[in-house]
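Here are some friendly notes to read alongside the model. Keep the 3D view open and find each residue as it comes up.

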Amino acid sequence: SAPPDVEAGYYLVEAHLKLGRTRNARDVLERLLELAPEDDEAMNQLVKVYKADREYDKAIAVLAKLAEDHIDGRSDNSRLLWQLLMLEKSVERIFG
């Protein structure tokens, strides 16, 4: 289901995640990013959903977009670096 606006979408995503519906959360987040393509919070949530679904290539692509935004001066560096570190550790645990 498509959210009527970005803020409502965040509540819908949280509800889906609490119910373990990562596919539905992903669909809403992808729709949110169509409505607001530069929404860092939606991108951060999408990274978490992709990680939960073990779609690491997609998570890395979103993180790369966030990194681009940072280079352009639009995003906070500390949060991005922390996420990259956590993703790297997740991949190391899975693939050795």
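1. Let's begin with one residue in a loop. Glutamate 55 sits between α3 and α4 (56–71), in the loop that joins them. Keep in mind as you look that this is a predicted model. Is glutamate 55 buried or exposed? Its relative accessibility is 18%, and the cut-off for buried is under 20%, so glutamate 55 counts as buried.

2. Now look at what surrounds that side chain. The side chain of glutamate 55 makes a polar contact with the side chain of arginine 26, at 2.2 Å. A polar contact also links the side chain of glutamate 55 to the side chain of lysine 58, at 3.0 Å. Leaving aside residues up to four places away in sequence, glutamate 55 touches Arg26 and Tyr50. Both of these partners appear again below: Arg26 is among the buried residues of α2, and Tyr50 is among those of α3.

3. Arginine 54 is in the loop between α3 and α4 too. What is the sign of phi at arginine 54? Arginine 54 has a positive phi of about 60 degrees, although it is not a glycine. For background, most residues other than glycine have a negative phi. Arginine 54 counts as exposed because its relative accessibility is 57%, and the cut-off for exposed is over 50%.

4. Step back into helix α3, which covers residues 40–52. Its 13 residues reach 18 Å from the first C-alpha to the last, close to the 18 Å expected at 1.5 Å a residue. Which residues of α3 are buried? They are Asp40, Ala42, Met43, Asn44, Gln45, Leu46, Val47, Val49 and Tyr50. Look also at the start of α3, where a side-chain oxygen of aspartate 39 comes to within 3.0 Å of the backbone nitrogen of glutamate 41.

5. Helix α2 (residues 22–35) is next, and it has the highest mean pLDDT among the elements of the chain, 92. The 14 residues of α2 reach 20 Å between the first C-alpha and the last, close to the 20 Å expected at 1.5 Å a residue. Its buried residues are Thr22, Ala25, Arg26, Val28, Leu29, Leu32 and Leu33. Why do they lie on the same side of α2? They cover an arc of only 165 degrees around the axis, which puts them on the same side of the helix. The face turned away from this buried side carries the exposed residues Arg23 and Glu34. As for what covers the buried residues of α2, α1 (6–18) and α3 are included.

6. Helix α1 can be read in a similar manner. At 1.5 Å a residue, its 13 residues should span 18 Å, and the end C-alpha atoms are 19 Å apart, which agrees. The buried residues of α1 are Gly9, Val13 and His16. Seen down the axis of α1, these residues fall within an arc of 65 degrees, so they line one face of the helix. They pack against α2 and α3. On the other side of α1, you will find Glu7, Tyr11 and Lys18 exposed. After α1 comes glycine 20, with a positive phi near 75 degrees.

7. Look just ahead of α1 as well. Aspartate 5 lies in the segment before that helix, and at 38% relative accessibility it counts as partly exposed. How many residues apart along the chain are aspartate 5 and alanine 36? They are 31 residues apart, and their C-alpha atoms are separated by 9.6 Å.

8. Finally, here is the whole chain. Its secondary structure comes to five helices and zero strands, which reads along the sequence as α-α-α-α-α. Of the 96 residues, 34% are buried. Among contacts between residues at least 6 apart in sequence, 49% join residues at least 24 apart. The chain exposes about 5,900 Å², and carbon and sulfur atoms supply 54% of that.

9. One last point concerns confidence. The mean pLDDT of the chain is 81, and 79% of its residues reach 70 or more. Which element has the lowest mean pLDDT? That is helix α5 (residues 77–95), with a mean of 69.

Terms used: Residues numbered from 1 in each chain as written. Predicted model: local features only at pLDDT ≥ 70, side-chain atom pairs only at ≥ 80, totals over all residues. Heavy atoms only, no water. pLDDT = per-residue confidence, 0-100. Helix = DSSP H or I, 4+ residues; strand = E, 2+ residues; numbered from the N terminus. Expected span 1.5 Å × (residues − 1). Buried < 20%, exposed > 50% of the residue type's maximum accessible area, 1.4 Å probe, protein only. Polar contact = N/O pair within 3.5 Å; in protein donor to acceptor, adjacent residues only side chain to side chain. Contact = heavy atoms within 4.5 Å. Arc of directions from axis to C-beta. Areas by Shrake-Rupley, 256 points an atom, 1.4 Å probe, with all protein chains shown as cover.
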